[in-house]
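Trainee: Could we go through this model together? I would like to understand how each label is earned.

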Amino acid sequence: MLTQSQAPQGPRADLLRIAEWIDPGSRVLDLGCADGTLLAHLHDTRQVRGAGVELDDDSVIAAVRRGVQVIQQNLEEGLALFGDGQFDTVVLSQTLQSMHHTEHILREMARVARYGIVSFPNFGYWPHGWSILFGRMPVTGQMPYEWYNTPNIHLCTLRDFQRLAAKLGLRITHLATFHGQREIRFLQGWRSTLAVYRFESPHPRADA
């Protein structure tokens, strides 16, 4: 008999919300798909036709074992493998903050799909301000690294992302914020540790 800690865990709350924003039967590209949890869930519950992009060897193997189609590639090299409008939705979950070329990957997402979904740690979470006030970079559950070993190179607040989206012509359609598994609906910019945005591409669709 499995203990509570050993029992299989379902998708995180933010991934479940992402799944709600994706139309059944649509074409989905998951960038940095890790072990394929989101794509497997979308296939089982929404019958999507999906593919993932992942660089880590162990994650690729785990995703393939889930039956997920995966392309092993570094996202910093862009999405040149994919054609304009090839997908309905492209997802970049908790990876944006580790990208060197943030504007480029967002533009590429808007090129290959009608909708993009991104999630990232919210640097505006209020305890972060206290850490900086007392002379230290924040270390939290959503950002568990020290300043010298963190993969997070481009941290931002909700308002920072919204300004960048406007600059790139991305129309934000949905926002959800979380603190762990709990969704935050009040004072989101201060009380949430994770932000999830859905945006619409500015590029005209071929079937429009």
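Mentor: Happily, and let's begin with helix 1 (residues 13-20) in this predicted model. Six of its eight residues are buried.

Trainee: Which residues of helix 1 are the buried ones?

Mentor: They are Ala13, Asp14, Leu15, Arg17, Ile18 and Ala19.

Trainee: And what do the buried residues of helix 1 pack against?

Mentor: Their neighbours are helix 2 (37-46), strand 4, strand 5, strand 6 (171-179), strand 7 and strand 8 (194-200).

Trainee: Let's take one residue of helix 2, Leu38. Why is Leu38 called buried?

Mentor: Buried means under 20% relative accessible area. Leu38 has 4% relative accessibility, so it counts as buried.

Trainee: What does Leu38 touch, leaving aside residues up to four places away in sequence?

Mentor: Leu38 touches Leu15, Ile18, Asp30 and Val91. A contact requires heavy atoms within 4.5 Å. Don't confuse that with the C-alpha to C-alpha distance, which is 6.4 Å for Leu38 and Leu15. Those two are 23 residues apart in sequence.

Trainee: Now strand 4, please. What makes strand 4 (residues 87-93) largely enclosed?

Mentor: Six of its seven residues are buried, so the rest of the structure largely encloses it.

Trainee: How do you know that strand 4 pairs with strand 1 (residues 27-31)?

Mentor: Pairing needs at least two bridges between the strands. Four bridges join strand 1 to strand 4, so the pair qualifies, and the two run parallel. One partnership to look at is Leu29 with Val90 in strand 4.

Trainee: What about strand 4 and strand 5 (residues 113-121)?

Mentor: Six bridges connect them, also in the parallel sense. Val91 stands opposite Ile117 in strand 5. Between strand 4 and strand 5 the chain passes through helix 4 (residues 102-112), giving a right-handed β-α-β crossover.

Trainee: Why is that crossover called right-handed?

Mentor: Picture the strands pointing away from you: a path from the first strand over the helix to the second that runs clockwise is right-handed. The path from strand 4 over helix 4 to strand 5 is right-handed, so it runs clockwise in that view.

Trainee: On to charges. How many salt bridges does the structure hold?

Mentor: It holds 12. In one of them, the side chains of Asp88 and Arg27 meet.

Trainee: What makes Asp88 and Arg27 a salt bridge?

Mentor: The side-chain nitrogen must lie within 4 Å of a carboxyl oxygen. Here the N to O distance is 3.0 Å, so the pair meets the cut-off. Asp88 sits in strand 4 and Arg27 in strand 1, 61 residues apart.

Trainee: Are Asp88 and Arg27 buried, exposed or partly exposed, and what are the values?

Mentor: The partly exposed class lies between under 20% and over 50%. Asp88, with a relative accessible area of 24%, is partly exposed. Arg27 is partly exposed as well, at 29%.

Trainee: What do Lys167 and Glu103 tie together?

Mentor: Their side chains meet in a salt bridge at 3.2 Å, N to O. Lys167 lies in helix 6 (residues 158-168) and Glu103 in helix 4, so the pair ties together parts 64 residues apart in sequence. With 58% relative accessible area, Lys167 is exposed, while Glu103 is partly exposed at 28%.

Trainee: Which residues belong to the salt-bridge network that includes Glu183?

Mentor: Arg17, Glu20, Glu183 and Arg185 are linked in that network. Within it, the side chains of Glu183 and Arg185 meet at 3.5 Å, N to O. Glu183 is partly exposed at 22%, and Arg185 is exposed at 64%.

Trainee: Last one: why is Phe186 called exposed?

Mentor: Exposed means over 50%. Phe186 has 58% relative accessibility, so it counts as exposed. Look for it in the loop between strand 7 (182-184) and helix 7 (188-191).

Trainee: Which residues form the nonpolar surface patch with Phe186?

Mentor: Leu187 and Trp190 join Phe186 there, and together the three have about 400 Å² of accessible area.

How values were computed:
Residues numbered from 1 in each chain as written. Predicted model: local features only at pLDDT ≥ 70, side-chain atom pairs only at ≥ 80, totals over all residues. Heavy atoms only, no water. Buried < 20%, exposed > 50% of the residue type's maximum accessible area, 1.4 Å probe, protein only. Patch = residues over 30% accessible without salt bridge, like charges linked within 9 Å, V, L, I, M, F, W, Y side chains within 5 Å. Areas by Shrake-Rupley, 256 points an atom, 1.4 Å probe, with all protein chains shown as cover.
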